[in-house]
Each structure stands twice: as structure tokens, then as C-alpha cells.
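Biologist: I am a first-year student and would like a friendly guide to this model. Please pick one part, take a close look at it with me, and show how it connects to its surroundings.

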Amino acid sequence: MIITLVILCCSGAFFQAHAQQKKRVIQLSGVVLGEDSVSGVPGVHVYVPKAGRGTTTNGVGFFSMPVLIGDELVISSVGYER
């Protein structure tokens with residue numbers, strides 16, 4: 001099965017911060033969708049390994065967490081590939 005990640009908003013902070021060459025904190029929000037791209041997947045772990053922080057999606061697949069520009073995310077759930 002495939003998990004699809006939909007990023008809802010980054011407020012344009014990526015482009016502004018990239019131009020200034022500074023690591024800025026942004027609020028990353030999104031919905032993790034299942035194979036059918038209609039229903040959200042609850043209980044998915046969204047994790048920033050370098051920083052050691054993360055969150056879990058709610059009952060409809062939504063998550064929101066602060067990240068630094070350039071952070072890499074690991075998205076994993078039981079029964080799915082990373």
C-alpha cells in the first residue's frame with residue numbers, strides 16, 4: 001500500500017528563508033492519505049530524525065508540527081512502507 005502526503009501550507013516561508021540562507025522554523029501541516037487518495041490514515045508517525053521530534057496523525061490523517069527549513073521527514077505506519 002502507498003501513503004500519499006499532502007502538504008497543506010508552508011506560508012511561502014521556504015522561498016523567503018532559502019533566499020536569506022538562514023534556518024527558519026515553519027509550521028508544517030498536512031494530511032496523510034491512503035491508497036484511494038480520499039480517506040486519511042490515522043496513527044501515522046511523522047518524525048524528524050535529526051532533531052528527534054515528531055508527531056502522529058489524528059483520526060482523519062491530519063498532522064501539524066514545527067520544522068526547520070531543510071529538515072528531512074520520515075513518515076511511517078504499521079502495515080505501510082516508509
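Modeller: Gladly! A word on terms comes before the tour: helices are DSSP runs of at least four residues, strands are runs of at least two, and both are numbered from the N terminus. Read that way, the protein chain runs β-α-β-β-β-β-β, with 1 helix and 6 strands in total. Please keep in mind that this is a predicted model. The average pLDDT of the protein chain is 81, and 74% of the residues reach at least 70. Residues 7-15 call for caution, with a pLDDT below 50. Even so, that stretch makes 15 contacts in the model beyond its near neighbours in sequence.

The part I have picked is strand β2, which covers residues 25-33. How many of its 9 residues are buried? The count is 7, so β2 is mostly covered, where buried means a relative accessible area under 20%. For comparison of scale, buried residues make up 27% of the 82 residues in the whole protein chain.

Which strand is β2 paired with over 7 bridges? The partner is β5, and the two run in the antiparallel sense. You can follow the pairing residue by residue. Gln27 has Pro66 of β5 as its bridge partner, while Val31 is matched with Phe62 in β5. Going up in number on one strand takes you down in number on the other, as these two pairs show.

Now look at β5 itself, which spans residues 62-68. One face of this strand is covered and holds Phe63, Met65 and Val67. The other face is uncovered and holds Phe62, Ser64, Pro66 and Leu68. Both bridge partners just named, Pro66 and Phe62, are listed on the uncovered face.

Ser64 deserves a second glance. Its side chain meets that of Ser29 in a polar contact of 2.9 Å. Ser29 belongs to strand β2, and this serine counts as buried because its relative accessibility of 7% falls under the 20% cut-off. The two strands are therefore joined by a side-chain contact as well as by their bridges, a polar contact being a pair of N or O atoms within 3.5 Å.

What do these strands give to the interior? The largest nonpolar core has 12 residues: Ile26, Leu28, Val32, Val41, Val44, Val46, Val48, Phe63, Met65, Val67, Ile69 and Ile75. At least two of these come from each of β2, β3 (residues 45-48) and β5. In soluble globular proteins, nonpolar side chains tend to be buried together. The covered face of β5, with Phe63, Met65 and Val67, is part of this core in full.

One core member shows how far the links extend. Leaving out neighbours within four places in sequence, Val44 is in contact with Val32, Thr55, Thr56, Thr57, Ile75, Ser76 and Ser77. Links of this kind fit a wider count: among contacts in the protein chain with a separation of 6 or more, 53% are between residues 24 or more positions apart.

Next, let us leave β2 by the loop that leads to β3. Gly34 is placed in that loop, and this glycine is buried at a relative accessible area of 6%. Its C-alpha atom lies 9.0 Å from that of Gly61, although the two glycines are 27 residues apart along the chain. Further on, the loop includes Ser37, which is partly exposed at 44%. Most residues other than glycine have a negative phi. Ser37 is not a glycine, yet its phi is positive, at about 55°.

Finally, step over to strand β4, residues 53-56, where Gly54 is found. Gly54 is partly exposed, at 46%. Beyond four places in sequence, Gly54 touches Val46, Tyr47 and Met65, and two of those three, Val46 and Met65, are on the core list. The C-alpha atoms of Gly54 and Leu73 are 8.8 Å apart, with their positions 19 residues apart in sequence.

Beside Gly54 in β4 is Arg53, which forms a salt bridge with Asp71, their closest N and O atoms being 3.2 Å apart. This pair joins strand β4 to the loop between β5 and β6 (residues 74-76), 18 residues apart along the chain. Side chains of opposite charge can pair when their charged atoms come close. Arg53 is partly exposed at 30%, and so is Asp71 at 22%. The salt-bridge count for the model is 1.

Key. Residues are numbered from 1 along each chain as its sequence is written. This is a predicted model: local features need pLDDT of at least 70, side-chain atom pairs count only at pLDDT 80 or more; totals for chains, interfaces and linings use all residues. Side-chain values use heavy atoms; hydrogens and water are left out. A salt bridge is a side-chain nitrogen of Lys or Arg within 4 Å of a carboxyl oxygen of Asp or Glu. Buried means under 20% relative accessible area, exposed over 50%, partly exposed in between (1.4 Å probe, protein chains only). pLDDT is the predictor's confidence in each residue, from 0 to 100. Contact means heavy atoms within 4.5 Å. A nonpolar core is a set of buried Ala, Val, Leu, Ile, Met, Phe, Trp, Tyr and Cys residues joined through side-chain atoms within 4.5 Å. A polar contact is a pair of N or O atoms within 3.5 Å; within protein, one must be able to donate a hydrogen and the other to accept it, and residues adjacent in sequence count only if both atoms are side-chain atoms. Two strands pair if DSSP finds at least two bridges between them.
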